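Colleague: I'm new to reading structures, so could you walk me through this one? I'll ask, and you show me how you get to each answer.

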Amino acid sequence: MLIIEVFGWIGAILIALAYFLLVHHDLSSRSKPYQWMNLLGAALLGINTFANSAYPSFTINIVWIFIAIYGLIKGIKR
């Protein structure tokens, strides 16, 4: 179970870091790095929350993944 906890921590750090960099104006909400950080962070955090039976948190992470995918697709179209 240690790897599941590591996934959770890395996911949480990625999401928080992406938000910090957005607020600090180092990343744009439309940038690929921002979207990838959110996608990977939500996926890793989602694995952790599912493994720990935290289904409401798992659900919001799935939604977060779809939002990041949408952002990436929209960025490709530009």
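What follows is a chat about the helices, the loops and a few single residues.

Modeller: Happy to help, and keep in mind that this is a predicted model. Let's begin with the helices.

Colleague: How far apart are the end C-alpha atoms of helix H2?

Modeller: Helix H2 covers residues 32–51, which is 20 residues. At 1.5 Å a residue it should span 28 Å, and the model agrees with that. The end C-alpha atoms are apart by 28 Å.

Colleague: And how far does H1 reach from its first C-alpha to its last?

Modeller: H1 has 22 residues. At 1.5 Å a residue, the expected value is 32 Å, and the model comes close to it. From first C-alpha to last, H1 reaches 32 Å.

Colleague: Which residue caps the N-terminal end of H2?

Modeller: Look for a side-chain oxygen by the backbone nitrogen of Tyr-34. There is one at 3.3 Å from that nitrogen. The oxygen belongs to Ser-31.

Colleague: Which helices help cover the buried residues of H2?

Modeller: H2 has a list of buried residues, including Tyr-34, Met-37, Leu-44 and Thr-49. Their cover includes two helices, one at residues 2–23 and one at 55–77. Those are H1 and H3.

Colleague: What about H1: which helices are part of the cover over its buried residues?

Modeller: Among the buried residues of H1 are Ile-4, Gly-8, Leu-14 and Leu-21. The cover over the buried residues of H1 includes H2 and H3.

Colleague: Is Gln-35 buried or exposed?

Modeller: Gln-35 sits in helix H2. Setting aside neighbours within four places in sequence, Gln-35 is in contact with Ser-29, Ile-67, Ala-68, Gly-71 and Leu-72. Its relative accessible area is 9%, and the cut-off is under 20%, so Gln-35 is buried.

Colleague: What is the relative accessibility of Thr-49?

Modeller: Thr-49 is in helix H2 too. Not counting neighbours within four places in sequence, Thr-49 is in contact with Ala-54, Ser-57, Phe-58 and Asn-61. Thr-49 counts as buried, with a relative accessibility of 8%.

Colleague: Is Trp-9 buried or exposed?

Modeller: Trp-9 lies in helix H1. Exposed means over 50% relative accessible area, and Trp-9 has 60%, so Trp-9 is exposed.

Colleague: How far is the C-alpha atom of Trp-9 from that of Ile-73?

Modeller: Along the chain, Trp-9 and Ile-73 are 64 residues apart. In space, their C-alpha atoms are separated by 27 Å.

Colleague: Which residues make the nonpolar surface patch?

Modeller: The patch covers about 370 Å². One of its members, Ile-3, lies in helix H1. The whole patch is made by Leu-2, Ile-3, Val-6 and Ile-10.

Colleague: Now the loops. What is phi of His-25?

Modeller: Most residues other than glycine have a negative phi. His-25 sits in the loop between H1 and H2, and it counts as exposed at 70% relative accessibility. His-25 is not a glycine, yet its phi is positive, near 65°.

Colleague: Which residue just after H2 has a positive phi?

Modeller: Go to the loop between H2 and H3. The residue there is partly exposed, with a relative accessible area of 45%. Its phi is about 55° although it is not a glycine, and it is Ser-53.

Conventions:
Residues are numbered from 1 along each chain as its sequence is written. This is a predicted model: local features need pLDDT of at least 70, side-chain atom pairs count only at pLDDT 80 or more; totals for chains, interfaces and linings use all residues. Side-chain values use heavy atoms; hydrogens and water are left out. Helices (H or I, at least four residues) and strands (E, at least two) are DSSP runs, numbered from the N terminus. The expected span of a helix is 1.5 Å times one less than its number of residues. Buried means under 20% relative accessible area, exposed over 50%, partly exposed in between (1.4 Å probe, protein chains only). Contact means heavy atoms within 4.5 Å. A polar contact is a pair of N or O atoms within 3.5 Å; within protein, one must be able to donate a hydrogen and the other to accept it, and residues adjacent in sequence count only if both atoms are side-chain atoms. Patches are made of residues with over 30% relative accessible area and no salt bridge: like charges are joined within 9 Å, nonpolar side chains (Val, Leu, Ile, Met, Phe, Trp, Tyr) within 5 Å. Accessible areas come from the Shrake-Rupley method with a 1.4 Å probe; for residues, only the protein chains shown count as cover. A salt bridge is a side-chain nitrogen of Lys or Arg within 4 Å of a carboxyl oxygen of Asp or Glu.
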